[in-house]
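Let's take a friendly walk through this fold, moving from sheets to helices to a few backbone details. Have the viewer open and follow along.

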Amino acid sequence: MMFETLSEIEKYMNSFTNLEKKADYFTVKTYRLDRMQALMAKLGNPQKEYKCIHIAGSKGKGSTAAFLANALTGSGYKTGLYMSPHVTDFRERFTLSGTFIEDSILFRTADELTEALKDFRFSQVTGCEVPTTFELYTAYAFMLFKSCGCSYAVIETGLGGRLDATNILKPIASVITPIELEHTAILGDTIEKIATEKSKIIKPNTPAVVSLQKDEALKVFEKESEACGSPIFTLKDCLSSLETGWTGTAQKCVISFKKPFEETVYLNLSMPGEVQAYNCALALLTLKVLGLYEKGTTEKALEKTTLPGRAEIINWKRTLVVDGAHTVSSMRNILKTFRDLYPGKNGLCVFSCAHDKDHESMLKMIVKEFDQIVISRPGTFKKSEPEVLFSYLNSIKTEGKKTTLILEPKEVLNYILENTLENEPILVCGSFYLAGEIKGCL
């Protein structure tokens, strides 16, 4: 197959079984590392051609990955960055630290991938005969980073860790961001069970770098590191202090580390929010553990880091803050960030989420902060039930709150213009797919 447009590549990838659409789908046959190992062997194992940093966790994976990749790029290394999902453009999944890969390389590598897969089939004992969409995207990313001549690649897991397609890597460091209850039908219904799945990205004799965690999660990571004979570095033990606040133009951070990394780092981050300060601290710690921190150079790269759909401020006809927050913890973080950005202004909130998310808890939080709430639909990629969300919202809202159900993103934007003042900030949250739909209509 010879691809002529980027949309043809995306359509080809999405023509396979797409588990990102099926949040509650799981079979051991579908999630198996021997599938990915067989696929990559067929492709010549391109992932072995560069050094990898592997990241798992419930929240903050993308931001931490972006901080790491940008820091490595700032130090002069060609660095690949693999993330999911994308917000508006599928090329966001595989970049050179935020820069899209040249179209000619995208086309050539996609052609190579499809040619190699012409006669490729998995055996019956490993689930469906052909790769899933995520397996294909992952293989494609690994091939692209080799084609680009990357020295490093920062790789984010898709779901979990133990059986994730990315877990065939032999990384130079395993990084784990905060754990919370998510995808419980697949990963388990307790913090400990979910942490166990994520812990399996820790590899023998390879440093593990771990964010601030609930005690039950931290114990799992410490136990896994000990079993692997791997040193573990935690923010809890390595961080002396972290001070942060929004200045009006940047997220000011003063991050102090204990011995053996004893140093204070001063930053003005482009991404707002206290949570980003901690994501940045985790990235900094990882760089220090690996001996890849370069004073001055690293700070400049970290300060420039931005990411679509993470407290992204868009100056449209109104000021929009677009965030993919879809868990209780991430919702708490974005609401705090919004208050810090616009103290005394409650504006309007546009919310929607996939059907498997804890919409009740998130709506209870939102209704306390906003007088106007619009329930919408997060596109059609994943199953959603906006009518159910709207009904629940009306059952809990207090007097004086204005609630509206608007499914189409264009109509949401029209409603915003008609029902808010020019200086009123708007929060869009609950789903990366909602973020993409809204951004696509601007």
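Which residues point one way from strand β15 (residues 372–375), and which point the other way? In this predicted model, Gln-372 and Val-374 face one way while Ile-373 and Ile-375 face the other, and all of them are buried. That makes β15 a handy place to begin, so to speak, with the sheet around this strand.

Six strands, in the order β12-β13-β17-β14-β15-β16, form an open sheet with mixed pairing. β12 (312–315) and β16 are the edges; each has a single partner strand, so one side of each is left without a neighbour in the sheet. On average, and ignoring direction, neighbouring strands are turned by 20 degrees against each other.

Now look at the two neighbours of β15. Strands of a sheet pair through backbone hydrogen bonds, either parallel or antiparallel. With β14 (residues 348–351), β15 pairs in the parallel sense over four bridges, and Val-350 has Val-374 as its bridge partner. With β16 (residues 402–405), β15 also runs parallel, joined by four bridges. There Ile-375 has Leu-405 as its bridge partner, and Ile-373 stands opposite Thr-403.

How does the chain get from β14 to β15? Together with helix α13 (residues 359–369), these two strands make a right-handed β-α-β unit. α13 lies across β14, β15 and β17, and runs at about 165 degrees to β14. Its buried residues include His-359, Met-362, Leu-363, Met-365, Ile-366 and Val-367. Among the elements that cover the buried residues of α13 are α12 (328–341), β14, β15, α14 (386–396) and β17. Helix α14 itself lies across β14, β15 and β16, running at about 165 degrees to β16.

Helix α15 (residues 409–419) offers a nice case of sidedness. An α-helix has 3.6 residues a turn, so residues three or four places apart point the same way. The buried residues of α15 are Pro-409, Val-412, Leu-413, Tyr-415 and Ile-416. They cover an arc of only 160 degrees around the axis, which puts them on the same side of α15. The face turned away from this buried side carries the exposed residues Lys-410 and Glu-418. What covers the buried residues of α15 includes β14, β15, β16, β17 (426–429) and α16 (432–441).

Helix α3 (residues 61–74) makes a useful contrast to study. How many of its 14 residues are buried? Twelve are, so to say that α3 is mostly covered is fair. Among these buried residues are Lys-61, Gly-62, Phe-67, Leu-68, Asn-70 and Leu-72. There is also a simple geometry check: at 1.5 Å a residue, the 14 residues of α3 should span 20 Å, and the end C-alpha atoms are 20 Å apart, which agrees. Just after α3, Gly-76 takes a positive phi of about 100 degrees.

A second sheet comes next. This open sheet has three strands in the order β9-β10-β11, with antiparallel pairing. Its edge strands are β9 (239–246) and β11 (263–269), each pairing on one side only. The twist from one strand to the next averages 10 degrees. β9 and β10 (residues 251–257) run antiparallel and are joined by seven bridges; Leu-239 has Phe-257 as its bridge partner in β10. Helix α10 (residues 274–289) lies across β9, β10 and β11, at about 40 degrees to β10.

Finally, some backbone details to check in your viewer. Most residues other than glycine have a negative phi, and most peptide bonds are trans. A cis peptide bond joins Ser-84 and Pro-85, with omega about -10 degrees, and Pro-85 sits in the loop between β2 (79–82) and β3 (94–96). The bond from Lys-259 to Pro-260 is cis as well, with omega near 5 degrees; Pro-260 is in the loop between β10 and β11. Asn-45, in the loop between α2 (33–42) and β1 (51–56), has a positive phi near 50 degrees. Ala-311 has a positive phi too, near 45 degrees, and lies in the loop between α11 (297–303) and β12. Is Ala-311 buried or exposed? With a relative accessible area of 5%, Ala-311 is buried, because buried means under 20%.

Notes
Residues numbered from 1 in each chain as written. Predicted model: local features only at pLDDT ≥ 70, side-chain atom pairs only at ≥ 80, totals over all residues. Heavy atoms only, no water. Expected span 1.5 Å × (residues − 1). Buried < 20%, exposed > 50% of the residue type's maximum accessible area, 1.4 Å probe, protein only. Pairing = 2+ DSSP bridges. Right-handed = clockwise from strand over helix to strand, strands pointing away. Axes fitted to C-alpha atoms, helices over the stretch in contact; angles between N-to-C directions. Contact = heavy atoms within 4.5 Å. Arc of directions from axis to C-beta.
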